[in-house]
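Hi there,

Here is the structure I promised to pass on to you. Please have a look through it, and then read my notes below.

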Amino acid sequence: MNRDTYKIDREGLRTLIGYMIREYRVIGPVMRGGSVSFERIGDPSALLLNYRGKALLPVKKFFLPPREVLFEYEILNGDVKIKDRLSASPPEKTILFGVRACDIAGLEIMKKTFSRHFEDPYVLSRLENTIVIGVMCDAALPTCFCYQADTGPLPRGGFDMFLVPLDDYYLVDVGSRKGMEIVLGNKDLFSRASPGDIALRDSKVRELIEAMKKSNTPRLSTLYDTLIKSYESDLWSDYAENCLSCGKCNFACPTCYCFDVHDEVDLSLKRGARVREWDSCHFLSFTRVASGEIFRKDRSSRIKQRIYHKLVYSVNDIGIISCVGCGRCIEVCPTSIDLREVMRRIMGVRAL
Amino acid sequence: MKNPYIPEKAMIEDFRDETPDTRTFRIRILSQRGSKGFQFSPGQFIELTVFGYGEAPFSISGKVDDCSLEITVRRIGTVTRALFKKKVGDIVGIRGPFGRGWPVEKLHGKDTLIIAGGLGLAPLRSLIQHIMENRKSFGRVILLYGARTPMDLLYKEEIKEWRGFIEVHLTVDRGDESWRGRVGVVTVLFDEISVDPQNTIALQCGPPIMMHFVSKKLKQLGFPDENIYLSLERLMKCGMGFCGKCTVSGTYVCLYGPVFCYSEIRGFVEKIPEAGV
């Protein structure tokens, strides 16, 4: 990795983003209503070059929007005309700036999921048209566990460039040909990183890891077998007592991708649209079939669905765990269910 | 990249009522699929769009020719109610076929025991049609079929014809004045037959509660797990392994099902009623 390591100063980064805004749709972190939110950047000065922690909502909203029209149709004299939304408005070339290692892993999981048997052209074309420029966290939040999820603090891949803030400059890892083109196209802004810079970065990474180790969360990759044996464990009913089935953990999760599909039709019944909308496996209606049968009636079966999907089913399905350790589900849970505590109990370890 | 969410246009070619709330629709694909036409294996499903109402999954209940297929539908939800208002010649949308059907190859040279409840006979009808067309490849074939009342029995006329090719045993939950046959749930029919579990493949489709008891019964009779197959009903919204609504123990029913071998179901972490345990 050192071979492709550069540095850029704060001023240089501002200049670079200024160039990018002219050519690309740039999405990055801004302050909105007192919290960090990823938005399309119009004014480069609004962009946060660095920020504490992570945005409340992950960047999946740009790739799998909360609600999206798949296609529209018109019923004309007994015939039907279908208009594909995707070919009508293909995705813009996008730069995603400031995204954390955990969320980069989330995008990688989305990419695997939406291309494994069939290809979802909506999600994939957006991902393909996006250049990912990540920024490492300055500090680990109390809810962070990317280290235990093996997704951070440095990303395991899936980025074009990854910046590590050091004093008044950034160390730049190049992760792809597109990332390299950015460096080569703006040579005056970048310089080679020195071994000293890299040592500084490594010590920052160690600092973040040490902070995360304090939660004594087991490494997520070690839970698979124990979880399989624990499906009937009593501990699930404890969580079922508390869980409100509100679905906030799903909506805040960078890798929860499940959705519902329905048609929306205008009053004339002549024009309609097929719409997909985020859904939640915590909702009772999630598994309801036309006959009225509901396959996950017990709240504990729905809690298990989400956790087992992340840590067991996902390994069977796409080969990797799909919890990225961002901690958002812990932050948003109205009854303070902490996934790390669930994992500690499963593995029989205590918080330090 | 072809957009797999966009349905192909198809036309309602014909329909006939099976029961007061169930109808078989013959649907012709209008788009060009080349010389291959619409190829499917018995037990697979399609996603059908009634424009203006929505899309829902239906198992394919029969083959007509290379461009036409049949589905048997109960009027129960929004899409099916709208479908029942459609006339011959009306346009609908179709995607698929999706999923994995019955293990047809595995049945060759073996005996086949088919157990169906209610509308569960629909995905098995396309298999029975295939067996009748290739009768010599299959050993003894027995159908055990149960419905709520005599009026709810599907394919009544066809079943008479099936009797010339396969053994048919019927039962109803509640009889009427004219009913002379068995009364009781489908498992009562097991006392009318004798099979060799080692050389028989059992295929079942019906309500979860029926499959729960049939699975139990088959295990009692000594059927090995590998000789039992079930078609699971789940909400296959997208059909492509994305929407997540049909998963069972993390396995996408739309991709790896709806037909599963009992040995797969027994291996699931998440317990399901159809497993019978």
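A word of caution before the details: this is a predicted model.

Let me start where the two chains meet. The contact draws 48 residues from chain A and 40 residues from chain B. Between them the chains bury about 3900 Å², and 62% of that lies on carbon and sulfur atoms. On the chain A side, F118(A), R274(A) and F295(A) lose the most area to chain B, together 15% of what that side buries.

There is polar chemistry at this interface too. The rule finds 6 salt bridges across the interface of chain A and chain B. For a concrete pair to look at, try K245(B) and D260(A), whose side chains meet in a salt bridge at 3.5 Å, N to O. Polar contacts across the same interface come to 19 residue pairs, both residues being at pLDDT 80 or more. Which elements of chain A each supply at least two residues of the side that touches chain B? They are β4 (67–76), β5 (79–84), α4 (121–128), β11 (259–265), β12 (271–278) and α11 (299–318). By residue class, that side of chain A divides into 25 nonpolar, 7 polar and 16 charged.

Now to chain A itself. Here 8 strands form an open sheet with mixed pairing, in the order β3-β2-β6-β7-β8-β9-β1-β10. Its edge strands are β3 (35–40) and β10 (190–192), each of which pairs on one side only. On average, neighbouring strands of this sheet are turned by 30 degrees against each other, direction ignored. At the β10(A) end, strand β1 (residues 5–9) of chain A pairs with β10(A) in the antiparallel sense over 3 bridges, and K7(A) has S191(A) in β10(A) as its bridge partner. Helix α6 (residues 177–185) of chain A lies across β1, β7 (130–135), β8 (161–166), β9 (169–174) and β10 of that chain, and runs at about 75 degrees to β7(A).

Chain B has a sheet to show you as well. This open sheet has 7 strands in the order β10-β9-β8-β7-β11-β12-β15, again with mixed pairing. The edges are β10 (182–183) and β15 (259–261) of chain B, each pairing on one side only. Further in, strand β7 (residues 111–117) of chain B and strand β11 (residues 200–205) of chain B pair in the parallel sense over 6 bridges, with D111(B) standing opposite T200(B) in β11(B). Two helices lie across these strands: α3 (residues 122–133) of chain B crosses β7, β8 (141–147) and β11, at about 150 degrees to β7(B), while α5 (residues 208–220) of chain B crosses β7, β11 and β12 (228–231), at about 165 degrees to β11(B).

Over all chains, the salt bridge count comes to 49. One of them joins D238(A) and R345(A), with the closest N and O atoms 2.9 Å apart. D238(A) sits in helix α9 (residues 235–242) of chain A and R345(A) in helix α13 (residues 339–347) of chain A, so this pair ties together parts that are 107 residues apart in sequence.

Finally, some backbone details for you to check. Most peptide bonds are trans, and most residues other than glycine have a negative phi. The bond from G152(A) to P153(A) is cis, with omega near 5 degrees; P153(A) lies in the loop between α5 (146–149) and β8 of chain A. The bond from G96(B) to P97(B) is also cis, with omega near 5 degrees, and P97(B) is placed in strand β6 (residues 91–98) of chain B. D167(A), although not a glycine, has a positive phi of about 45 degrees, and is found in the loop between β8 and β9 of chain A.

Happy exploring, and best wishes!

Terms used. Residues are numbered from 1 along each chain as its sequence is written. Chains are lettered from A and ligands numbered from 1 in the order in which they are written. This is a predicted model: local features need pLDDT of at least 70, side-chain atom pairs count only at pLDDT 80 or more; totals for chains, interfaces and linings use all residues. Side-chain values use heavy atoms; hydrogens and water are left out. Contact means heavy atoms within 4.5 Å. Buried area is the accessible area (1.4 Å probe) that two parts lose on being put together, summed over both. A salt bridge is a side-chain nitrogen of Lys or Arg within 4 Å of a carboxyl oxygen of Asp or Glu. A polar contact is a pair of N or O atoms within 3.5 Å; within protein, one must be able to donate a hydrogen and the other to accept it, and residues adjacent in sequence count only if both atoms are side-chain atoms. Helices (H or I, at least four residues) and strands (E, at least two) are DSSP runs, numbered from the N terminus. Ala, Val, Leu, Ile, Met, Phe, Trp, Tyr, Cys and Pro count as nonpolar, Asp, Glu, Lys and Arg as charged, and the others, Gly among them, as polar. Two strands pair if DSSP finds at least two bridges between them. Axes are lines fitted to C-alpha atoms, for helices over the stretch in contact, and angles run from 0 to 180 degrees between N-to-C directions.
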